[in-house]
Each structure stands twice: as structure tokens, then as C-alpha cells.
Amino acid sequence: MSLDTMQRQTHEWVNQFADGYWPPMVMLARLTEELGELAREVNHRYGPKQKKATEADNEIADEMGDILFTLSCLANSEGIDLDAAFQKTMAKVYGRDNNRFAKK
């Protein structure tokens with residue numbers, strides 16, 4: 001799925017509700033919350049912190065999906081084309097960072 005398709009699907013879902021998109025600061029707080037949930041899952045899986053027996057196992061992929069949805073909401077509310085933003089970033093890393101790291 002392209003980022004454009006993701007943004008369109010997100011907009012279709014959000015657009016069915018009277019309130020629409022939340023204010024940007026609320027979405028940023030939500031994005032931060034979702035990132036924290038991803039960090040928690042990665043830490044439980046690869047870090048020293050073990051889950052409590054009462055805690056449910058969440059998938060890292062599920063947490064990443066939540067982040068993508070929330071980021072898509074924020075981008076849509078700000079009129080940002082994530083495909084274009086990502087292409088700009090890739091051009092930057094292929095240019096500026098091309099020789100920064102050891103290659104295989």
C-alpha cells in the first residue's frame with residue numbers, strides 16, 4: 001500500500017465522524033503515546049525489562065500500524081503529502097548520508 005492510499009483510507013475513516021480530526025497537539029500527544037507503546041514492546045522483547053505475567057503480549061507490528069495511522073491523521077489535518085515528504089527524506093539520505101556508514 002502506498003502512503004497516498006494509507007492517507008486516503010485514513011481520511012475516509014475519519015471523515016465519517018462529525019468531529020473529524022483532533023487538534024494537532026492532541027494528535028501529537030497520541031502519536032507520542034503510540035511511540036511509547038512501541039518502545040515498551042521492543043524493550044520487553046529485546047531489552048532487560050520483562051513483562052509482568054498479567055500483561056498481554058502486543059505485537060510490534062500492531063504498534064507500528066497504530067503509529068502509521070496516527071501519523072496519517074496528523075499529516076492529513078496539516079495537508080501534508082507523506083509520499084512527497086518521504087521521497088524528500090530519501091533524496092536527503094542518498095545524498096547527505098550516502099557515504100556516512102560502512103556499506104556491505
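**Two helices, a ring cluster and a pocket**

Let us start with a pair of helices: helix 1 and helix 4, the latter covering residues 82-95, pack with their axes 8 Å apart and at an angle of about 150 degrees. Keep in mind as you look around that this is a predicted model.

Which residues bring these two helices together? From helix 1 come Leu 3, Asp 4, Met 6 and Gln 7, and they meet Leu 82, Asp 83 and Phe 86 of helix 4. Sorted by class, this contact of helix 1 with helix 4 has four nonpolar residues, two charged ones and one polar one.

Now follow helix 1, which spans residues 3-14, along to Trp 13. Here we come to the aromatic rings. The structure holds two aromatic pairs. In one of them, the ring centres of Trp 13 and Phe 17 are 4.8 Å apart, and because planes over 60 degrees apart count as edge-to-face, their angle of 65 degrees makes this pair edge-to-face. Trp 13 also forms an edge-to-face pair with Phe 69, at 5.7 Å centre to centre and with 80 degrees between the planes. This second pair reaches across the chain: Trp 13 lies in helix 1 and Phe 69 in helix 3 (residues 60-78), so the pair ties together parts that are 56 residues apart in sequence.

Put together, these ring pairs link Trp 13, Phe 17 and Phe 69 into a cluster. Are its members buried or exposed? The answer lies in between, since a residue counts as buried under 20% relative accessible area and as exposed over 50%. Trp 13, with 46%, is partly exposed. Phe 17 is partly exposed too, at 42% relative accessibility, and Phe 69, at 30%, also counts as partly exposed.

The ring cluster leads us on to the largest pocket, because Trp 13, Phe 17 and Phe 69 are among the residues in its lining. How much space lies in this pocket? The volume is about 220 Å³. Besides the three rings, the lining includes Val 14, Asp 19, Gly 20, Tyr 21 and Trp 22, as well as Met 27, Arg 30, Thr 70 and Cys 73.

Three elements give two or more residues to this lining: helix 1, helix 2 (24-46) and helix 3. Helix 3 gives the most, with three residues. By class, the lining has eight nonpolar residues, along with two polar and two charged ones.

Conventions:
Residues are numbered from 1 along each chain as its sequence is written. This is a predicted model: local features need pLDDT of at least 70, side-chain atom pairs count only at pLDDT 80 or more; totals for chains, interfaces and linings use all residues. Side-chain values use heavy atoms; hydrogens and water are left out. Rings of Phe, Tyr and Trp (its six-membered ring) pair if their centres lie within 6.5 Å; planes under 30 degrees apart count as stacked, over 60 as edge-to-face and the rest as tilted. Buried means under 20% relative accessible area, exposed over 50%, partly exposed in between (1.4 Å probe, protein chains only). Helices (H or I, at least four residues) and strands (E, at least two) are DSSP runs, numbered from the N terminus. Axes are lines fitted to C-alpha atoms, for helices over the stretch in contact, and angles run from 0 to 180 degrees between N-to-C directions. Contact means heavy atoms within 4.5 Å. Ala, Val, Leu, Ile, Met, Phe, Trp, Tyr, Cys and Pro count as nonpolar, Asp, Glu, Lys and Arg as charged, and the others, Gly among them, as polar. On a 1 Å grid over the protein atoms alone, a cavity is a set of points where a 1.4 Å probe fits but cannot get out, and a pocket is an open set with protein on both sides within 12 Å along at least five of seven lines; lining residues have an atom within 4 Å of a point. Grid points are joined across faces, edges and corners, and a volume is the space filled by probe spheres set on the points.
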